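Please open the structure in your viewer and keep the sequence panel visible beside it. The stops below say what to select in turn and what is to be found there.

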Amino acid sequence: MNAERVVRRGVLAIAFAGLLAGGAYAQSPDPSSQQQDIKNDKKDIRSDKKDLAKDRADRNADQRDINKDKSQLASDVKKYGANSSQAQADRKDLHADRVDRNKDQKDINHDRKDLTKDRADRNADQRDINKDKRDLRADRKDRNQDQKDIHKDKKDLHRDRSDLRHDKHGH
């Protein structure tokens, strides 16, 4: 009777382990939501790249404007004098161009940070997906091994019961 009790406990323990593995499998995150997260990150990256390109174009246009205003200022200073209304207007334009250029540079720096952050998010999401796939594979392997062990233990239990019946009847 002692052997039967040991075998029953073994079967119950393995069945419980199988249930735990099945529960872990059921609680794993939905891979489709992770894929959607990666798609969103890629979309953000494309958007950031476009913003960056626009900001660079704006900055370059402002730089050309500054260069044009510098030459205009030099020309007006030569023609009309350093304190002429034309020279003062050119200095005002030059100042406005510098402000625009600096603002555009700040936008570029901000967009670069966003782009870097979005790339990091995408990479982290991909790493999470890969880890979850490995975990699922391991959980399935454990579950399948537990199923094999349960099946083997059931066979052993059946044999042990047959042996016990056989021993009781004295055959």
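Begin by selecting arginine 56, a residue of helix H2. The model on the screen is a predicted one. Is arginine 56 buried, partly exposed or exposed? Its relative accessibility is 33%, so arginine 56 counts as partly exposed; the class called partly exposed runs between the limits of 20% and 50%. Now add glutamine 105 to the selection. Arginine 56 and glutamine 105 are 49 residues apart in sequence, yet their C-alpha atoms are 7.7 Å apart in space.

**The whole chain**

Clear the selection and display the chain as a cartoon. How many helices and how many strands does the secondary structure contain? There are three helices and zero strands, and reading along the sequence gives the pattern α-α-α. The chain has 171 residues, of which 21% count as buried.

**A buried residue in helix H3**

Select isoleucine 108, which is found in helix H3. Isoleucine 108 has a relative accessibility of 0% and therefore counts as buried, since that class takes in every value under 20%. Next, select leucine 52 as well. Along the chain, isoleucine 108 and leucine 52 are 56 residues apart, and the separation of their C-alpha atoms is 5.7 Å.

**Helix H3 from end to end**

Select the 85 residues of H3 and look at the C-alpha atoms at the two ends of the helix. Why does the distance between these end atoms agree with the expected span? A rise of 1.5 Å a residue leads to an expected span of 126 Å for H3, and the end C-alpha atoms are 124 Å apart, so the two values agree. The expected span is 1.5 Å times one less than the number of residues. Then move to glycine 170, just after H3, where phi is positive, at about 75 degrees.

**Salt bridges along helix H3**

How many salt bridges does the structure hold? It holds four. The next selections show several pairs of side chains that meet in this way.

Select lysine 103 and aspartate 107. Their side chains form a salt bridge, with an N to O distance of 3.8 Å. The two residues are four residues apart in helix H3, which means that about one helical turn separates lysine 103 from aspartate 107. Aspartate 107 is partly exposed, at 27% relative accessibility.

Continue to lysine 131 and aspartate 135. In the salt bridge between them, the closest N and O atoms are 3.1 Å apart. Here too the partners are four residues apart in helix H3, so the separation of aspartate 135 and lysine 131 is about one helical turn. Both partners may be coloured by accessibility: aspartate 135 is partly exposed with a relative accessible area of 34%, and lysine 131 is partly exposed at 44%.

Now select lysine 152 and aspartate 156. The closest N and O atoms of their salt bridge are 3.6 Å apart. Aspartate 156 and lysine 152 both belong to helix H3 and are four residues apart, about one turn of the helix. Add Arg159 to the view: salt bridges with shared partners join Lys152, Asp156 and Arg159 into one network.

Remain at aspartate 156, which is partly exposed with a relative accessible area of 24%. Which residue should be selected with aspartate 156 to see a separation of 152 residues along the chain? The residue is glutamate 4, and the C-alpha atoms of aspartate 156 and glutamate 4 are separated by 9.7 Å.

**Patches of charge on the surface**

Switch to a surface display and select Lys42, Lys43, Arg46, Lys50 and Lys54, which gather in a patch of positive charge. Lysine 54, one of these residues, lies in helix H2. Its relative accessible area is 55%, so lysine 54 is exposed; the limit for this class is over 50%.

For the last stop, select Asp37, Asp44, Asp121 and Asp128, which form a negative surface patch. The elements that contribute two or more residues to this negative patch are helix H2 (31-80) and helix H3 (85-169). Aspartate 37 is found in helix H2. With a relative accessibility of 33%, aspartate 37 counts as partly exposed.

Methods: Residues numbered from 1 in each chain as written. Predicted model: local features only at pLDDT ≥ 70, side-chain atom pairs only at ≥ 80, totals over all residues. Heavy atoms only, no water. Patch = residues over 30% accessible without salt bridge, like charges linked within 9 Å, V, L, I, M, F, W, Y side chains within 5 Å. Areas by Shrake-Rupley, 256 points an atom, 1.4 Å probe, with all protein chains shown as cover. Lys, Arg positive; Asp, Glu negative; His and termini not counted. Charge placed at Lys NZ, Arg CZ, Asp CG, Glu CD. Buried < 20%, exposed > 50% of the residue type's maximum accessible area, 1.4 Å probe, protein only.
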